[in-house]
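Student: I should like to learn how to read a structural model step by step. May we proceed by question and answer?

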Amino acid sequence: METTERAARKSFIVIINMIAWMILITATGLGTIHFHECPVQPKLPVYMTVIGATGLLSLLLMYLRNTLDDCPLARFCTAFILMLCVFIVCWFIAGTYWIYSIYPPNSDSTRTGNHFAELVAKCLQAQEMAYCPYSGFPVGAAILTTGGAIITGCNVENASYGLTVCAERTAIQRAVAEGYRRFTAIAVTCDIKDSFVGPCGACRQVLMEFGTEWDVYLTKPDGTYKKTSLRELLPLAFTPAHLQKI
Ligand SMILES: [Zn+2]
């Protein structure tokens, strides 16, 4: 009778443990995705699945071990559970370090407001660097990262016209090459004085690759600007999130 009671108590403890682990794993996953908002990172689900699957396997083994008397299989289960726990801890530390190194927490998203004047000034400066001997149409762009860094770009033309790269895409490519992948705003400018001009369709799609919440500052040569958003410029857009639905 006592043995039955003890076994029941053990099973109860294991079940409580399993529930706690499942809540912890789910909360960690949701928290990571929420804080890092990284829809373009395809490896994140793999990272979370390994943690979840390993955690569940260790819990099942724990349950199995608790239903067994002391025997070689029970001892094997104990050793295997310990190994899995060590693996989970290492995987968690390495994975967390990896995520944070790519996607610093978005704690400074409100800084856009303090940086827009500098952003507009930087896009005007970048325009001066444009290489546009064929069109004579210089364009400047400056993008703001979530951490407050500003990366600039200008259009770079080519004698083979189709190889020309717009200022917005030059800025994005520079930013990604320097390790930035999360942005809050972009300012663009060209020589047209009587209206606000937006990025071309290709650039809008490229911006959408790195987030849907961009503020866009369309800037005239005199520094006046009109604020809009990428959602407004590219409604019903195709985004990386759509590829994850298939
Ligand atoms: Zn463009």
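The following exchange considers confidence, the sheet, one helix and one residue.

Student: Which helix of this predicted model has the highest confidence?

Tutor: The chain averages a pLDDT of 83, and 83% of the residues score at least 70. Confidence is lowest in helix α1 (residues 2-36), with a mean of 68. The highest value, 97, belongs to helix α6 (residues 201-209).

Student: Over residues 106-112, what value does pLDDT stay under?

Tutor: Where pLDDT is low, the predicted coordinates should not be read in detail. The model has 13 contacts beyond four places in sequence for residues 106-112. Caution applies there, as pLDDT over residues 106-112 stays under 50.

Student: Which strands are the edge strands of the sheet?

Tutor: The open sheet has 5 strands in the order β2-β1-β3-β4-β5, with mixed pairing. An edge strand pairs on one side only, and the edge strands are β2 (150-154) and β5 (225-229).

Student: Which residue of β4 is the bridge partner of T189?

Tutor: Strands β3 (residues 183-189) and β4 (residues 215-219) run parallel and are joined by 5 bridges. In β4, the partner of T189 is T219.

Student: At about what angle to β2 does α5 run?

Tutor: Helix α5 (residues 167-177) has several buried residues, among them I172 and A175. This helix lies across β1 (140-145), β2 and β3. Its angle to β2 is about 135°.

Student: Is A8 buried or exposed?

Tutor: A8 is found in helix α1. A residue counts as exposed if 12 or fewer other C-beta atoms lie within 10 Å of its own. Because A8 has 10 other C-beta atoms within 10 Å, A8 is exposed.

Notes
Residues numbered from 1 in each chain as written. Predicted model: local features only at pLDDT ≥ 70, side-chain atom pairs only at ≥ 80, totals over all residues. pLDDT = per-residue confidence, 0-100. Helix = DSSP H or I, 4+ residues; strand = E, 2+ residues; numbered from the N terminus. Contact = placed C-beta atoms within 7 Å. Buried ≥ 20, exposed ≤ 12 C-beta atoms within 10 Å, placed from the backbone. Pairing = 2+ DSSP bridges. Axes fitted to C-alpha atoms, helices over the stretch in contact; angles between N-to-C directions.
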